[in-house]
Amino acid sequence: MSANLTKTKRRISSINSTKKITNAMELVATVKLKRYKDTMFENSNYVNEIVNLIHKLSYYKSSDKLSSFELPNNATKDLYIVINSNLGLCASYNNDIYKFVEKNIDKNTAEVLPIGLKGDQYYKKQGYVIDESFYDLNEKIDYLKVIKLSRYIESLFLSAKYRNIYLIYTRYINSIKFVPDMIKIYPLESDNEVKREDRLEYPPIFDPDVDTLFDELIPIYTSSLLYQKIVESQVSEQASRRTAMENATDNADELIEKLTLEYNKARQAAITQEITEVVSSSLDK
Amino acid sequence: MFKLKIITPKGVYLDKEIESLTIKLTTGYRTILSGHAPLIGSVDYGPMHLIINGETKYYAVMGGALSIDESGSVSLIINGINTKEEIDLERALQSKERAEHRLKEKDDNIDLRRAELSLKRAISRIDTYNS
């Protein structure tokens with residue numbers, strides 16, 4: 001009986017220390033979530049302005065001349081940039097992306113450029129051809145590093161190494177809902193919705209000309225888009241981790257309550273038994 | 001007076017009524033005063049001067065785009081910005097030297113575009129410091 005008691009007691013204390021860790025992780029994730037959300041919000045201005053400019057430019061761009069970012073090339077491979085996390089303990093965040101990747105990527109015609117340590121390890125193990133140049137990009141998100149990535153994929157596309165370049169990230173819907181999503185980066189899809197009627201009667205001055213401007217703005221647009229999506233994925237990851245850790249802490253509380261009850265019952269039973277033994281032995285005399 | 005909004009990836013840097021803006025576009029310097037016609041331009045790495053309430057302020061700008069809309073308000077969308085006071089000349093000179101050295105070596109292992117960008121940033125800071 002007393003062996004059982006010590007075992008229960010040990011379990012309670014072990015669960016208690018686990019609870020301390022999950023609780024701390026929940027707090028850390030909450031703080032990080034807030035920080036990344038602020039970053040996402042502040043960055044949205046920048047992205048919107050650039051998208052606006054690109055739209056404005058495409059009104060006036062000569063429609064018969066495609067920019068080199070829009071022209072399809074005759075490469076046979078696609079490149080997928082996939083954003084995963086660096087750390088575990090974030091519930092199904094990474095798993096959802098793995099499933100999405102499996103469903104959408106054909107190993108034979110595609111290569112993966114993982115961002116995040118978890119993805120790097122997983123896709124290597126699964127036998128994807130991977131490019132490891134930027135796997136630690138989201139450890140500490142730095143805009144200059146994102147620009148570097150954007151220049152890198154730009155040169156890959158322009159040198160006709162890949163036919164299409166996609167980005168797989170996790171879209172943040174609300175603090176408990178986020179889904180993996182995919183967008184095409186290159187070639188740029190020409191916007192069919194551009195209405196020529198939206199043109200002003202007198203077009204703005206372009207300095208230099210529209211087509212050069214367009215080609216100069218595209219890399220800026222791409223890096224801002226990449227940055228936005230990487231931050232959004234971070235927000236999703238932290239939200240996922242926060243919920244997971246919150247649930248873990250709740251479960252630990254529940255378990256501790258159950259085990260304490262069990263422990264008290266067992267202790268009471270042991271005492272009762274000892275009393276019975278003492279009483280019965282004194283009666284025997 | 002016209003409205004100037006400077007937007008960087010880190011958020012809105014400045015949103016103010018100003019008197020004059022001088023900036024280096026890829027085609028050369030351009031000064032914008034109140035009532036300018038709509039314009040879209042590509043901004044180079046280089047110095048920028050603003051006149052706010054009669055006072056001239058100097059900045060180093062790290063490339064981007066400039067847009068003036070029909071109402072005459074100006075949006076400047078740039079990768080990064082430093083005030084003249086923030087610039088550490090010693091550091092800028094060092095990174096200029098480093099970048100030039102890298103570009104000269106033309107080693108395949110060195111990212112040339114990165115060296116080029118870092119050179120541009122350094123020159124932009126040095127020019128601003130000396131303006």
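I started with the order of elements in chain B of this predicted model. From the N terminus I read β-β-β-β-β-β-β-β-α-α, that is, two helices and eight strands. I took helices (H or I, at least four residues) and strands (E, at least two) as DSSP runs, numbered from the N terminus.

Ground rules, noted once: residues are numbered from 1 along each chain as its sequence is written, with chains lettered from A and ligands numbered from 1 in the order in which they are written. In this predicted model local features need pLDDT of at least 70 and side-chain atom pairs count only at pLDDT 80 or more, while totals for chains, interfaces and linings use all residues.

**Chain B overall.** I got a C-alpha trace spanning about 50 × 25 × 25 Å along the principal axes. Of its 131 residues, 30% count as buried (20 or more other C-beta atoms within 10 Å of a residue's own; exposed is 12 or fewer, partly exposed in between; C-beta atoms placed from the backbone). I also looked at contacts (C-beta atoms, placed from the backbone, within 7 Å). Among those in chain B with a separation of 6 or more, 51% join residues 24 or more positions apart.

**The two helices of B.** I checked how H1(B), residues 89-105, sits on H2(B), residues 112-130: the angle is about 150 degrees and the axes are 8 Å apart. Axes here are lines fitted to C-alpha atoms over the stretch in contact, and angles run from 0 to 180 degrees between N-to-C directions. I noted the crossing as left-handed (near helix turned anticlockwise from the far one by less than a right angle; clockwise would be right-handed). H1(B) brings residues including Leu89(B), Ala92(B), Leu93(B) and Leu103(B), and H2(B) brings, among them, Leu112(B), Leu119(B), Ile123(B) and Tyr129(B). I sorted the contact residues into twelve nonpolar, two polar and five charged. For that, Ala, Val, Leu, Ile, Met, Phe, Trp, Tyr, Cys and Pro count as nonpolar, Asp, Glu, Lys and Arg as charged, and the others, Gly among them, as polar.

**H2(B) on its own.** I counted 19 residues reaching 27 Å from first C-alpha to last, close to the expected 27 Å (1.5 Å times one less than the number of residues). The buried ones are Ala115(B), Leu117(B), Arg121(B), Ala122(B), Ser124(B), Arg125(B) and Thr128(B). I found that they pack against S5 (39-52), S6 (55-68), S8 (81-83) and H1 of chain B.

**Where B meets A.** The contact takes 22 residues from chain B and 23 from chain A. On the B side, S1 (2-8), S2 (11-18), S5, S6, S7 (74-78) and H2 each give two or more residues. S5(B) has the largest share, four residues. I split that side into ten nonpolar, nine polar and three charged.

**Chain A.** I read α-β-α-β-α-β-α-β-β-β-α along the sequence, so to speak five helices and six strands. The radius of gyration is 29 Å, where a compact globule of 285 residues would have one near 19 Å (taken over C-alpha atoms; the rule is 2.2 Å times the number of residues to the power 0.38). Its C-alpha trace spans about 115 × 40 × 30 Å. Buried residues make up 31%.

**One residue in A.** I picked Ile147(A), in H4 (residues 143-158). Ile147(A) counts as buried because 25 other C-beta atoms lie within 10 Å. Thr222(A) is 75 residues away in sequence, yet 8.5 Å away in space, C-alpha to C-alpha.

Methods: Two residues are in contact if their C-beta atoms, placed from the backbone, lie within 7 Å.
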